[in-house]
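The following paragraphs lead the reader through a single structure, beginning with one pair of charged side chains and widening from there to the chain as a whole.

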Amino acid sequence: MFPTSLKARVSLSLSAVLVTVMVLFVFLVAQQARSDQLNTLVAQMTQLSQVIARSTRYAMLLDEPDIVDKIIQDIGKQQGIQRVRVVRKSGVIAHSNHPEEIGQNIDKEAEHCSNCHEAEKVLSDIPNHKKWRIFETADGHQRLGTMEVIRNEKSCAAASCHNDPKAQPVLGVVDITYSMDAINQTMRSHMINMIVVSVGFVLLVALSVGWLLHRLIYVRLSDLEKGAKRLASGNFDHSIPVRGDDEFGSLARSTNTMMAALKASREEMEGWVEKLEEKVKERTAELRLAEAEVARGEKLASIGQLAACIAHELNNPLTGVLTFTTLLRKKMPAGSADADDLDLVIRETKRCASIIRRLLDFAREKTPEKALVDMNQLVQETVRFVERSAALQQVEIVTDLDPDLPRLSVDGDLMKQVFMNILVNAQQAIEGRGRVTVRSRLLPPRKLAGASEALPVVEIAIADTGCGIPTANLQRIFDPFFTSKEVGKGTGLGLSVSYGIVRSHGGEIEVESTVGEGSTFRICLPARLPVGESALHLSESIQ
């Protein structure tokens, strides 16, 4: 599969072009070198032929064939020379370094003779490039053959063996055959060296170009790609490195500017979205709270009417039962079984009467009788009332009260009832050894439910280390008659009554609970400054 990365594609493409160019270059250089060597060799062979013709001229004039043969034999022993022979015009081999072929006829139609005997042409009319030839022997070796004309000069014509130069201008030729094996071997060595050098050059250029591409282009493209991916994923915090003042650097700077603008726009949009969400949450919470308050008010009103009717219908019969049971008990001897049964009836009747009294208290909407009260003092009085029974159960009650807490305009008795209900519930939620912590503090101004303005808030927090409240029950703990206690240990009215008391004071009750770790009830009341008390004191208390 063809690589997809730009660096690999450019490197491979450049390498392919370089290989093609280098192959063509090596081929042309090799051809030129072979041509130069061949021309040099042809020139040398032509010179040698001329030397042979001149050196044998005098021996031929003296008609001394042995001297000519000696010269031919000595020249034939030179390295690379395969054959040296003198051929008469008639085609008969007169002299040769291979004695066995002397006297043989050469066919004029042979390839190496046909160039000189085409039609009626004579040897002197043949151009120089046709005086040499390259051919292969039967065993596959290349040979270079050259010939040089032996002309009939005036000095030759004086001999009895030659005619007049005009009648016979050519006496014969000197034919030399040279072995091309050394030249071919040299060319092969040069070719291998050039190929090795070319391959090294291509690799060096490819690596250099790859390194330059990686440093100048690929790294910067990689930076831009990573920046684009971060931009697509919404991450505007990491800018693209600017690695120069060229086009890539300008693009990186432009991209960073765009990312900064997008980041600012997104932050502005997120800010508007957060504000909108906060507004929606606030309005939704207020709407739900209002709906819950309306539903709770309707429920409490209905339950209050029902409770009042039930209490009224049951109170008179229970009073008669209690009265007559008490009279009968006085007539029974102490310690008898009947006396014990009547005591049980009296206790249960009193418990029923107590429940009916609570129902009546719940049904009646009592208007708080407010006065300036020290909340820390109310907390301490309530704690003293329950701490003895708590100590019997190995439950420690600890107070952490703010001494600078301002006085509040509340109904002290009703607030004691709220603290009492929550402390009793906390005590009953602890099995074995545990702790109940009561804290008071002044919080910065905030807008409580149903309030028209933000006011400083006094918080009374009661935390226990009990069993905790399941999440499913947190929304129901303030409903009338809802209880998770065992039968006979609670009526389910304590928290409901406490909620109504706190709401009648313009406050809130908040609950946090973790099953197995404990619960925390926070009673938040608005701290309105009474007449004569300075705002400076309240500010110092908050600080």
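**Salt bridges between strands**

Aspartate 175 and arginine 85 form a salt bridge, in which the closest N and O atoms are 3.1 Å apart. Aspartate 175 belongs to strand β5 (residues 170–179) and arginine 85 to strand β1, so the pair ties together parts of the chain that lie 90 residues apart in sequence. Both partners are buried: aspartate 175 and likewise arginine 85. The model in which this pair is found is a predicted one.

A search of the whole structure yields 13 salt bridges. Another of them links glutamate 459 to arginine 522, with 3.6 Å between the closest N and O atoms. Here glutamate 459 lies in strand β10 (residues 455–464) and arginine 522 in strand β12 (residues 518–526), so this pair ties together parts that are 63 residues apart in sequence. Glutamate 459 and arginine 522 are both buried. Salt bridges that share partners also join Arg83, Arg85, Glu101 and Asp175 into one network, and the pair of aspartate 175 and arginine 85 described above is part of that network.

A further salt bridge brings together the side chains of arginine 283 and glutamate 282, at 4.0 Å from N to O. Arginine 283 has a relative accessible area of 48% and is therefore partly exposed. Glutamate 282 is partly exposed as well, because its relative accessibility is 39% and that class covers values from 20% to 50%.

**The β1–β2 hairpin**

Strand β1 spans residues 81–88 and runs antiparallel to strand β2, which spans residues 93–96; three bridges join them. Within this pairing, valine 86 stands opposite histidine 95 of β2. The two strands form a hairpin with four residues between them, and glycine 91 in the turn has a positive phi of about 100°.

**Strands β10 and β11**

Leucine 455 is found in strand β10. This residue counts as buried because its relative accessibility is 17%, below the 20% limit for that class. Leaving aside residues up to four places away in sequence, leucine 455 touches Pro444, Pro445, Arg446, Pro526 and Arg528. Leucine 455 and leucine 525 are 70 residues apart in sequence, while their C-alpha atoms are 9.4 Å apart in space.

Glutamate 508 lies in strand β11 (residues 508–514). With a relative accessibility of 17%, glutamate 508 also counts as buried. Its contacts, again not counting residues up to four places away in sequence, are Arg446, Leu448, Ala449, Val502, Arg522, Ile523 and Cys524. Arg446 is thus touched by glutamate 508 and by leucine 455. Arg522, another contact of glutamate 508, is the salt-bridge partner of glutamate 459.

**A kinked helix and the chain as a whole**

Helix α5 (residues 181–233) has a kink of about 45° centred on histidine 214. Glycine 234 follows α5, and its phi is positive, near 90°.

Taken over its full length, the chain has twelve helices and twelve strands. It comprises 543 residues, of which 34% count as buried. Among contacts between residues at least 6 apart in sequence, 64% join residues at least 24 apart. The accessible surface of the chain comes to about 33,500 Å², and carbon and sulfur atoms account for 56% of that area.

Conventions:
Residues are numbered from 1 along each chain as its sequence is written. This is a predicted model: local features need pLDDT of at least 70, side-chain atom pairs count only at pLDDT 80 or more; totals for chains, interfaces and linings use all residues. Side-chain values use heavy atoms; hydrogens and water are left out. The bend at a residue is the angle between axes fitted to the seven residues ending there and the seven starting there. Buried means under 20% relative accessible area, exposed over 50%, partly exposed in between (1.4 Å probe, protein chains only). Contact means heavy atoms within 4.5 Å. Accessible areas come from the Shrake-Rupley method with a 1.4 Å probe; for residues, only the protein chains shown count as cover. Two strands pair if DSSP finds at least two bridges between them.
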